[in-house]
Amino acid sequence: MNKTLKQIAEQLNAPRTVKNKKTTEVEVVTQVPKVQLIYAFNGTGKTRLSREFKQLVAPKGNCEGDETISPREKILYYNAFTEDLFYWDNDLIEDTAPKLKIQPNTYTDWLLTLLKDLGQDTNIVKYFQHFANDKLTPHFSENYAEVTFTLERGDDEGTAPLKISKGEESNFIWSVFYTLLDQVITILNVAEPENRETRQFDQLEYVFIDDPVSSLDENHLIELAVNLAGQIKSSKSNLKFIITTHSPLFYNVLFNELNSKTCYLLERFEDGTFALLDKHGDSNKSFSYHLYLKQILEKAISDNTVQKYHFTLLRNLYEKTASFLGYPKWSELLPGDKQAYLNRIIQFTSHSTLSNEVVAEPSDPEKKTVDFLLKHLVNNYGFWQQGEQNG
């Protein structure tokens with residue numbers, strides 16, 4: 001049944017009910033899962049879902065007894081709106097150094113004061129440099145209201161403050177959140193509340209993470225996913241985690257790293273409603289991602305709009321299929337003169353940026369090659385038929 005995002009949020013916040021294997025009439029009620037992992041394509045509504053969930057768990061003006069409960073006491077979240085709280089001050093008229101400023105509000109004031117009190121600014125720097133550049137150094141202002149960045153040269157002096165890239169900025173903001181999350185888990189792992197370093201997390205129930213740092217390359221994205229999974233597995237309290245992503249790689253690593261999790265596929269329909277479907281296996285086994293790519297290729301072939309990037313999608317499908325079926329090389333799945341077809345695909349999927357090696361747009365015969373190789377893959381490997389039946 002199609003639902004609103006508010007209803008999807010309520011579903012995530014409710015105990016799981018599963019049918020008894022021996023009878024379809026009896027339901028077994030379990031607690032809200034410790035980890036709920038959600039895979040969805042871009043534009044589906046993941047960020048809006050995080051806001052609906054926050055409002056559900058910690059509505060503004062929420063009170064317990066005579067005390068008003070702040071949302072941050074119930075839920076810790078990271079999404080696109082978190083990044084919006086950081087913005088650049090580029091005062092070119094006064095020729096001041098570029099600064100990444102932090103929008104003052106109750107959340108950022110609490111976040112930065114807490115990290116400062118816990119002495120975590122050094123850990124933020126270390127984590128950021130690991131994923132960005134070990135010479136690129138953030139410097140917090142005394143009141144933690146702004147950050148400048150310099151490149152260290154190996155001596156006592158660095159460069160003048162500089163503006164970092166958008167990807168580096170995202171890395172930095174995630175580093176702030178990740179460092180706080182590490183502290184939250186460590187502090188809540190102390191069983192007796194009175195023995196904790198701070199009591200500010202005692203009522204925390206959820207951590208909601210929406211698509212962290214999509215700008216990372218594959219190696220660092222895998223490492224980030226492994227680190228995040230390690231943090232979650234180290235959590236001994238009743239803290240619950242919801243993670244949404246459009247990245248099949250990030251999803252697959254978390255799926256394989258986390259031993260206990262409940263997985264979903266979030267779908268959005270043309271009428272603006274949604275469905276949260278149980279998802280079995282990683283993105284390869286559940287096949288939704290690959291069926292989506294297959295549909296893109298089929299539409300491009302049908303409309304005669306095949307471009308260079310469609311060869312990359314085709315190669316992706318061959319690589320994932322070969323991996324699933326246990327072939328050491330994806331080229332083994334190619335038909336006939338395998339080397340000739342391999343060379344043709346490599347020609348269009350090369351990462352070379354040299355101007356004299358720029359590949360021209362696909363010719364009509366080359367476009368037909370995409371059609372031929374896609375049909376060959378679908379028609380000759382049972383993996384695809386099974387995926388379509390189960391997708």
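**Exercise 1. The hairpin of β9 and β10**

Task: In this predicted model, determine how many residues lie between the strands in the hairpin of β9 and β10, and which residue there takes a positive phi.

Solution: The hairpin has five residues between its strands, and Y144 takes a positive phi near 60°. Turning to the strands themselves, β9 (residues 136-140) and β10 (residues 146-151) pair in the antiparallel sense over five bridges. Within this pairing, H139 stands opposite T148 in β10. As a last step, consider the surroundings of β9: four of its five residues are buried, so the strand is largely enclosed by the rest of the structure.

**Exercise 2. Two further residues with positive phi**

Task: Establish where D211 is placed, where N304 is placed, and whether D211 counts as buried or exposed.

Solution: Most residues other than glycine have a negative phi. D211 departs from this sign with a phi near 45°, and N304 has a positive phi near 55°. D211 is located in the loop between β11 (206-210) and α8 (218-234), whereas N304 belongs to the loop between α11 (288-302) and α12 (308-325). The accessibilities then have to be set against the cut-offs, under 20% for buried and over 50% for exposed. At 18% relative accessibility D211 therefore counts as buried, while N304, at 47%, counts as partly exposed.

**Exercise 3. The open sheet and its helix**

Task: Work out the strand order of the open sheet of six strands, and state which are its edge strands.

Solution: The order is β6-β11-β12-β3-β13-β14, and the pairing is mixed. The edge strands are β6 (75-78) and β14 (274-278), each of which pairs on one side only. On average, and with direction ignored, neighbouring strands of this sheet are turned by 20° against each other. At the β14 edge, five bridges join β14 to β13 (residues 262-268) in an antiparallel run, and L265 stands opposite L277 in β14. Helix α9 (residues 248-257) packs on the sheet, where it touches β3 (35-39), β12 (240-245) and β13, and its direction makes about 155° with that of β3.

**Exercise 4. The nonpolar cores**

Task: Identify which members of the largest nonpolar core touch the most other members, and which helix gives the most to this core.

Solution: The largest nonpolar core has 62 residues, of which L76, F149, F172, W174, F177, L180 and L181 touch the most other members. Helix α7 (residues 166-188) gives the most to this core, with 12 residues. The contacts of L76, leaving aside its neighbours within four places in sequence, include F177, L180, L181 and V184, together with Y107 and W110, and also L204, Y206, V207 and F208. A second, separate core of 22 residues includes L297, L313, L334 and F348.

**Exercise 5. A helix length and a loop threonine**

Task: Find what span the 17 residues of helix α14 should have at 1.5 Å a residue, and which backbone atom the side chain of T198 reaches.

Solution: The expected span is obtained by multiplying 1.5 Å by one less than the number of residues. For α14 (residues 364-380) this gives 24 Å, and the end C-alpha atoms are 24 Å apart, which agrees. The buried residues of α14 include V370, L373, L374, L377 and V378, but also E366, K367, T369 and H376. T198, for its part, is found in the loop between α7 and β11 and is buried, with a relative accessible area of 12%. The side chain of T198 reaches the backbone nitrogen of Q200 at 3.2 Å.

Definitions and conventions:
Residues are numbered from 1 along each chain as its sequence is written. This is a predicted model: local features need pLDDT of at least 70, side-chain atom pairs count only at pLDDT 80 or more; totals for chains, interfaces and linings use all residues. Side-chain values use heavy atoms; hydrogens and water are left out. A nonpolar core is a set of buried Ala, Val, Leu, Ile, Met, Phe, Trp, Tyr and Cys residues joined through side-chain atoms within 4.5 Å. Buried means under 20% relative accessible area, exposed over 50%, partly exposed in between (1.4 Å probe, protein chains only). Helices (H or I, at least four residues) and strands (E, at least two) are DSSP runs, numbered from the N terminus. Contact means heavy atoms within 4.5 Å. Two strands pair if DSSP finds at least two bridges between them. Axes are lines fitted to C-alpha atoms, for helices over the stretch in contact, and angles run from 0 to 180 degrees between N-to-C directions. A polar contact is a pair of N or O atoms within 3.5 Å; within protein, one must be able to donate a hydrogen and the other to accept it, and residues adjacent in sequence count only if both atoms are side-chain atoms.
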